Amino acid sequence: MAYRKLGRTNKHRRSMLANLTKEVIMNGRIETTDTRAKEVRKFVDKMITYGKDGSLVARRKALAFLHNNTVAVKKVFDELAPRYANRNGGYTRILKLTERRGDDALMVILELVEEDAK
């Protein structure tokens with residue numbers, strides 16, 4: 001599986017991705033760089049898929065990835081999973097902003113999509 005190293009060691013990268021994933025789950029959106037957002041999107045989608053599964057194993061995997069943050073895991077399983085029950089993936093969207101002053105990194109907003117009211 002190809003992934004981005006993001007200029008970090010393995011432990012730092014994993015922790016950063018878990019924290020960004022937790023922030024997206026708790027707040028619904030974050031502002032970050034384009035490359036980080038593209039990496040975090042994979043993990044947010046995976047957490048919501050775990051929530052849709054609903055099994056004890058899925059809950060433990062989500063807890064392990066999110067550093068035992070029970071509040072975030074409860075939100076995934078109780079709020080987000082039912083919200084996206086009829087959607088097969090694609091739970092996030094990336095909206096491009098301007099370049100960051102200083103290093104010219106492309107800034108984006110990563111947010112959860114709202115389920116269409118049909």
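Strands here are DSSP runs of E at least two residues long, numbered from the N terminus. With that in hand, start at Thr33, which sits in strand β1. Keep in mind that you're looking at a predicted model.

Thr33 has a relative accessible area of 10%, so it counts as buried, the cut-off being under 20%. Who packs against Thr33? Skipping its neighbours within four places in sequence, Thr33 is in contact with Arg100, Ala105, Leu106, Met107 and Val108. Follow that list to Arg100 and you find a residue that is partly exposed, with a relative accessible area of 34%. The side chain of Arg100 meets that of Asp103 in a salt bridge, 2.8 Å from N to O. Asp103 is partly exposed too, at 46% relative accessible area. Next along is Asp104, in the loop between β2 (92-99) and β3. Asp104 isn't a glycine, yet it has a positive phi of about 65°, and at 57% relative accessibility it counts as exposed.

Now swing over to helix α1, residues 10-27. Its 18 residues reach 26 Å from the first C-alpha to the last, close to the 26 Å expected at 1.5 Å a residue. Which residues of α1 are buried? They are Arg13, Met16, Leu17, Ala18, Leu20, Thr21, Val24 and Ile25. An α-helix has 3.6 residues a turn, so residues three or four places apart point the same way. The cover over the buried residues of α1 includes β1 (29-33), α2, α3 (56-65), α4 (70-83) and β3 (106-112). Just after α1 comes Gly28, with a positive phi of about 90°.

One of the elements covering α1 is helix α2, which spans residues 34-53 and holds Met47. Met47 is buried, with a relative accessible area of just 1%. Leaving out neighbours within four places in sequence, its contacts are Thr21, Ile25, Ala62, Phe65, Leu66 and Val76. Thr21 and Ile25 are among the buried residues of α1. For a sense of scale, the C-alpha atoms of Met47 and Arg100 are separated by 29 Å, and the two residues are 53 apart along the chain.

How about empty space? The largest pocket holds about 170 Å³. Ten residues line the largest pocket, and the closest to its centre are Tyr3, Asn10, Arg13, Leu17 and Phe43. α1 gives the largest share of that lining, four residues, and both α1 and α2 supply at least two. By class, the lining has five nonpolar, one polar and four charged residues.

Back to the charges. Side chains of opposite charge can pair when their charged atoms come close. A search of the whole structure turns up ten salt bridges. One of them joins Glu114 and Arg83, at 3.9 Å from N to O. That pair links distant parts of the chain, with Glu114 in the segment after β3 and Arg83 in helix α4, 31 residues apart. Glu114 is exposed at 53% relative accessible area, whereas Arg83 is partly exposed at 31%. Glu23 forms a salt bridge with Lys22, the closest N and O atoms being 3.9 Å apart. Arg4, Glu39 and Lys42 are linked in a network of salt bridges.

One last stop is Asn68, in the loop between α3 and α4. Asn68 is another residue other than glycine with a positive phi, near 60°, and it is exposed, with a relative accessible area of 59%.

Key. Residues are numbered from 1 along each chain as its sequence is written. This is a predicted model: local features need pLDDT of at least 70, side-chain atom pairs count only at pLDDT 80 or more; totals for chains, interfaces and linings use all residues. Side-chain values use heavy atoms; hydrogens and water are left out. Buried means under 20% relative accessible area, exposed over 50%, partly exposed in between (1.4 Å probe, protein chains only). Contact means heavy atoms within 4.5 Å. The expected span of a helix is 1.5 Å times one less than its number of residues. On a 1 Å grid over the protein atoms alone, a cavity is a set of points where a 1.4 Å probe fits but cannot get out, and a pocket is an open set with protein on both sides within 12 Å along at least five of seven lines; lining residues have an atom within 4 Å of a point. Grid points are joined across faces, edges and corners, and a volume is the space filled by probe spheres set on the points. Ala, Val, Leu, Ile, Met, Phe, Trp, Tyr, Cys and Pro count as nonpolar, Asp, Glu, Lys and Arg as charged, and the others, Gly among them, as polar. A salt bridge is a side-chain nitrogen of Lys or Arg within 4 Å of a carboxyl oxygen of Asp or Glu.
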